[in-house]
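Colleague: Could you take a close look at one part of this model for me? I would like to hear about the aromatic rings and how they pair up, with a word on a serine as well.

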Amino acid sequence: MSSWLYGDSAIELLRPYAGDSAKIRLINAGIKETHVFHLYNHQWRLEPDDPKSTIIDFISISPQECYTIDIFHGAGSYNHMIGDAIWYCHLYPHFHEGMWAYGGYMTN
């Protein structure tokens, strides 16, 4: 999964700068399986409009549910990470079957 070793993906990837405003609209349009979405090295609040809400870095999403993830401090999160970050389903059979992707963050 390393761009450094294998080159960039053949598909076009988003390339935000660290700190750019970033929101993800997460939708499980399935009808049977719950998934556990994880965005590596990023955090957000479980309830985005509640400043006292729990800070998380993964979320379970059941069929027909949706969430808006408002990433702390934008792309790259708290530490303004640069380089590739993976997002995936934490359920290993789903990850193994290809339920993952990655994107890269550039320096300012």
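Modeller: Happy to! A residue is called buried when its relative accessible area is under 20%, exposed when that area is over 50%, and partly exposed in between. By that cut-off F37 is buried, because its relative accessible area is 10%. Please keep in mind that this is a predicted model.

Now to the rings. Searching the whole structure turns up four aromatic pairs. In one of them, F37 and W44 have ring centres 6.3 Å apart and planes at 50 degrees, so this pair counts as tilted. W44, the partner of F37, is buried too, with a relative accessible area of 1%.

Y88 and F95 make another pair: their ring centres lie 5.3 Å apart and their planes meet at 70 degrees, so the arrangement is edge-to-face. Y88 is buried, at a relative accessible area of 17%, whereas F95 is partly exposed, at 21%. Y92 comes in here as well, since ring pairs link Y88, Y92 and F95 into a cluster.

And the serine? S77 sits in the loop between β6 (66-70) and β7 (83-89). Although in a loop, S77 is buried, with a relative accessible area of 0%. Its side chain reaches the backbone oxygen of F72 at 3.4 Å. Setting aside neighbours within four places in sequence, S77 is in contact with I71 and F72, and also with N41, H42 and Q43.

Notes:
Residues are numbered from 1 along each chain as its sequence is written. This is a predicted model: local features need pLDDT of at least 70, side-chain atom pairs count only at pLDDT 80 or more; totals for chains, interfaces and linings use all residues. Side-chain values use heavy atoms; hydrogens and water are left out. Helices (H or I, at least four residues) and strands (E, at least two) are DSSP runs, numbered from the N terminus. Buried means under 20% relative accessible area, exposed over 50%, partly exposed in between (1.4 Å probe, protein chains only). A polar contact is a pair of N or O atoms within 3.5 Å; within protein, one must be able to donate a hydrogen and the other to accept it, and residues adjacent in sequence count only if both atoms are side-chain atoms. Contact means heavy atoms within 4.5 Å. Rings of Phe, Tyr and Trp (its six-membered ring) pair if their centres lie within 6.5 Å; planes under 30 degrees apart count as stacked, over 60 as edge-to-face and the rest as tilted.
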